[in-house]
Amino acid sequence: MKLLWSFLVAIATVVFTAFHTNQLQSLVSYLPLKLHTTTTTTTNMSVPRTIRQVFLAIEQAEGAAPGPFLMLDHFTIGKGAGFPDHPHRGQETITYLLSGGVDHEDFAGNQGTIGPGDLQFMTAGRGIMHAEMPHENEDGSPNVGMQLWVDLPKPLKMCEPRYRDLRAAEIPLAKLDGGRVVVKVISGQSHGVDSVRDLAYTPVWLLDVTVRPGGRIAQPLPLGWNAFAYTLSGATVFGSADHTQLVQEFHNVVFDQPGDFVEASVPDTAAAEARFILVAGQPLDQKVVQYGPFVLTSQEEVYQAMLDYQTASNGFERSRGWESEIGKRMAF
């Protein structure tokens with residue numbers, strides 16, 4: 001599994017703690033979406049965003065940074081692995097499946113499956129306990145995807161949990177530069193194309209961009225939002241004019257906050273197209289205090305979350321004695 005704890009300045013990394021029954025079992029470093037209706041366009045007076053930092057996406061130590069992002073995980077999961085029963089409070093997660101299949105089941109009786117190109121948006125709110133387990137594909141291929149963790153605004157930390165699925169066929173496409181650029185508008189806007197619906201509480205844009213050789217895109221972003229790109233494949237040139245940088249796959253590109261748009265291109269001499277995920281989010285003016293899957297704004301709230309989970313109360317009532325069926329696939 002590739003763990004992308006890469007946002008040392010503009011994107012925070014956090015810690016995800018795997019829970020099974022009522023005991024902590026392991027700690028792994030983790031990094032934090034909502035449709036925003038801001039209309040953005042580029043004009044002759046628009047200012048491109050500059051690159052703050054580019055680095056290979058490898059596991060990083062926990063750090064502090066402006067919200068709303070907490071973690072990005074580019075996962076590859078095979079047989080006998082997955083995410084068995086575990087709780088959450090105070091954040092949202094967005095799972096984007098690139099290949100294979102992932103099943104979901106929670107203590108409220110919700111269950112479902114996402115396939116290639118599908119997304120699931122989960123709002124933990126006051127408390128959820130669930131399992132996420134990959135399919136065992138007939139050809140033996142692994143299940144590959146991305147999961148983004150997003151902080152919730154303090155007033156929504158104790159909202160009721162919910163799920164929204166977005167199927168690949170529902171995602172609108174923006175095609176530009178003579179068809180050399182295709183943007184899957186998962187959340188947000190791109191060149192006159194809006195995403196289909198509100199999927200998360202925290203304002204975030206999520207765009208899946210493919211650029212063929214010779215293609216170029218200038219993607220407007222809401223003013224004042226934090227933004228980064230993660231390169232899935234190929235080599236992409238980010239930046240404008242004399243301030244450009246060629247970025248290879250599996251790298252993170254963190255952009256400075258000032259500016260109106262992000263520019264990306266692929267040289268016409270390139271041997272292959274490039275693909276990257278562009279993410280932007282509205283910063284939250286609040287403290288982030290996290291212990292494992294509990295993301296709150298004070299130590300006292302974190303202690304309370306742990307107590308509520310251990311005593312099956314205040315949002316975790318249905319966790320008492322609950323065990324998912326799909327979690328039993330896990331090989332210990």
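**View A. His 104 and its bridge partner in strand 9.** In this predicted model, His 104 has Gly 112 of strand 9 as its bridge partner. Strand 8, residues 102–106, and strand 9 run antiparallel and are joined by four bridges.

**View B. The open sheet that contains strands 8 and 9.** Four strands make up this sheet, in the order 6-11-8-9, and their pairing is antiparallel. Its edges are formed by strand 6 (83–88) and strand 9 (111–114), each of which pairs on one side only. On average, with direction ignored, neighbouring strands of the sheet are turned by 20 degrees against each other.

**View C. Surroundings of Arg 164 in strand 13.** Strand 13 covers residues 162–166 and includes Arg 164. Arg 164 counts as buried because its relative accessibility is 9%, and the cut-off for buried is under 20%. The side chain of Arg 164 makes a polar contact of 3.3 Å with the side chain of Thr 123. Thr 123 is also among the residues that Arg 164 touches when those up to four places away in sequence are not counted. The others in that list are Glu 92, Leu 119, Gln 120, Phe 121, Met 122, Leu 199 and Ala 200.

**View D. Phe 250 in the loop between strands 22 and 23.** The loop that holds Phe 250 lies between strand 22 (243–247) and strand 23 (251–255). With a relative accessibility of 23%, Phe 250 counts as partly exposed. The C-alpha atoms of Phe 250 and Ile 58 are 8.8 Å apart in space, while the two residues are 192 residues apart in sequence.

Conventions: Residues are numbered from 1 along each chain as its sequence is written. This is a predicted model: local features need pLDDT of at least 70, side-chain atom pairs count only at pLDDT 80 or more; totals for chains, interfaces and linings use all residues. Side-chain values use heavy atoms; hydrogens and water are left out. Helices (H or I, at least four residues) and strands (E, at least two) are DSSP runs, numbered from the N terminus. Buried means under 20% relative accessible area, exposed over 50%, partly exposed in between (1.4 Å probe, protein chains only). A polar contact is a pair of N or O atoms within 3.5 Å; within protein, one must be able to donate a hydrogen and the other to accept it, and residues adjacent in sequence count only if both atoms are side-chain atoms. Contact means heavy atoms within 4.5 Å. Two strands pair if DSSP finds at least two bridges between them. Axes are lines fitted to C-alpha atoms, for helices over the stretch in contact, and angles run from 0 to 180 degrees between N-to-C directions.
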